[in-house]
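This briefing goes with the sequence and model shown below. It is meant to be read with the structure open in a viewer.

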Amino acid sequence: MADYRFLTTWLLDCSPLACWEAIHEPERWPDWWPGVLSVERLADGNGDGVGSVYRNAWRGVIPYTVRFDAHTTRVERPHVIELEARGELAGTGRWRIFDGPAVAVTYEWSVRTTRPWMNALAPVARPLFAWNHNAVMRRGGEGLAGLLGARLLASS
């Protein structure tokens, strides 16, 4: 399996609570995040969402749909959401929201590919897969800013 580690940061001029609410509702991501084709809730979890499970279908610039289930493992409202991914991508993700002069939203994504063809291509396609991931995340920051009527001050 091929391992990938990504860190995305968005800086927005908006309310941290508004960011939290948008990120905490993954079923609505397809409405504002280009590249998120669908998110379907499979299990509810507790009141904060711990134990909830979402089936995801994502497509970036590369014309291939990646499917995985996200199992919510930790929620600290309104600052942290952690998940475990299972499917074509397996690993962990962590959203963090920081308040300050601008709201900083970070996403740490540590995953490995599970499809044999992805693993076989990883030695040469790794830069392409990383570029695709970064493009999807940049579009997510732009979509979130649009949803919230905010400015995306930086995205990396």
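The points below cover the core, two cysteines, the first helix and two strand residues. The model is predicted. Its largest nonpolar core has 42 residues, and the disulfide count comes to 0.

**Nonpolar core**

- Within the 42 residues of the largest nonpolar core, Trp33, Trp95, Val105 and Trp109 have the most contacts.
- Helix 3, residues 116-148, gives the most to this core, with 8 residues.
- Setting aside residues up to four places away in sequence, Trp95 touches Trp10, Ile23, Trp29, Trp33, His79, Val80, Ile81, Val105, Thr106, Tyr107 and Met137.
- Two of the residues with the most contacts inside the core, Trp33 and Val105, are thus among those touched by Trp95.

**Threonine 8**

- Thr8 lies in strand 1, which runs over residues 3-12.
- Thr8 is buried, because its relative accessible area is 3%, under the 20% limit.
- Neighbours within four places in sequence aside, the contacts of Thr8 are Val105, Thr106, Tyr107, His133, Met137 and Ser156.
- Val105, Thr106, Tyr107 and Met137 appear in the contacts of Thr8 and also in those of Trp95.

**Cysteines 14 and 19**

- A disulfide is a covalent bond between the sulfur atoms of two cysteines.
- For Cys14, the closest cysteine sulfur is that of Cys19, at 3.3 Å.
- The closest cysteine sulfur to that of Cys19 is in turn the one in Cys14.
- The pair is not counted as a disulfide because 3.3 Å is too far for a bond, the cut-off being 2.5 Å.
- Cys19 is buried, with a relative accessible area of 0%.

**Helix 1**

- Helix 1 covers residues 16-23, and its buried residues are Cys19, Trp20, Ala22 and Ile23.
- These buried residues span an arc of only 165 degrees around the axis, so they sit on the same side of helix 1.
- Ile23, one of the buried residues of helix 1, is also among the residues that Trp95 touches.
- At the start of helix 1, a side-chain oxygen of Ser15 comes within 3.1 Å of the backbone nitrogen of Leu17.

**Glutamate 76**

- Glu76 belongs to strand 4, residues 65-76.
- Glu76 is partly exposed, because its relative accessible area of 38% falls between the 20% and 50% limits.
- Glu76 and Pro101 are 25 residues apart along the chain, and their C-alpha atoms are separated by 21 Å.

Key: Residues are numbered from 1 along each chain as its sequence is written. This is a predicted model: local features need pLDDT of at least 70, side-chain atom pairs count only at pLDDT 80 or more; totals for chains, interfaces and linings use all residues. Side-chain values use heavy atoms; hydrogens and water are left out. A nonpolar core is a set of buried Ala, Val, Leu, Ile, Met, Phe, Trp, Tyr and Cys residues joined through side-chain atoms within 4.5 Å. Buried means under 20% relative accessible area, exposed over 50%, partly exposed in between (1.4 Å probe, protein chains only). Helices (H or I, at least four residues) and strands (E, at least two) are DSSP runs, numbered from the N terminus. Contact means heavy atoms within 4.5 Å. The arc is that of the directions from the helix axis to the C-beta atoms. A polar contact is a pair of N or O atoms within 3.5 Å; within protein, one must be able to donate a hydrogen and the other to accept it, and residues adjacent in sequence count only if both atoms are side-chain atoms.
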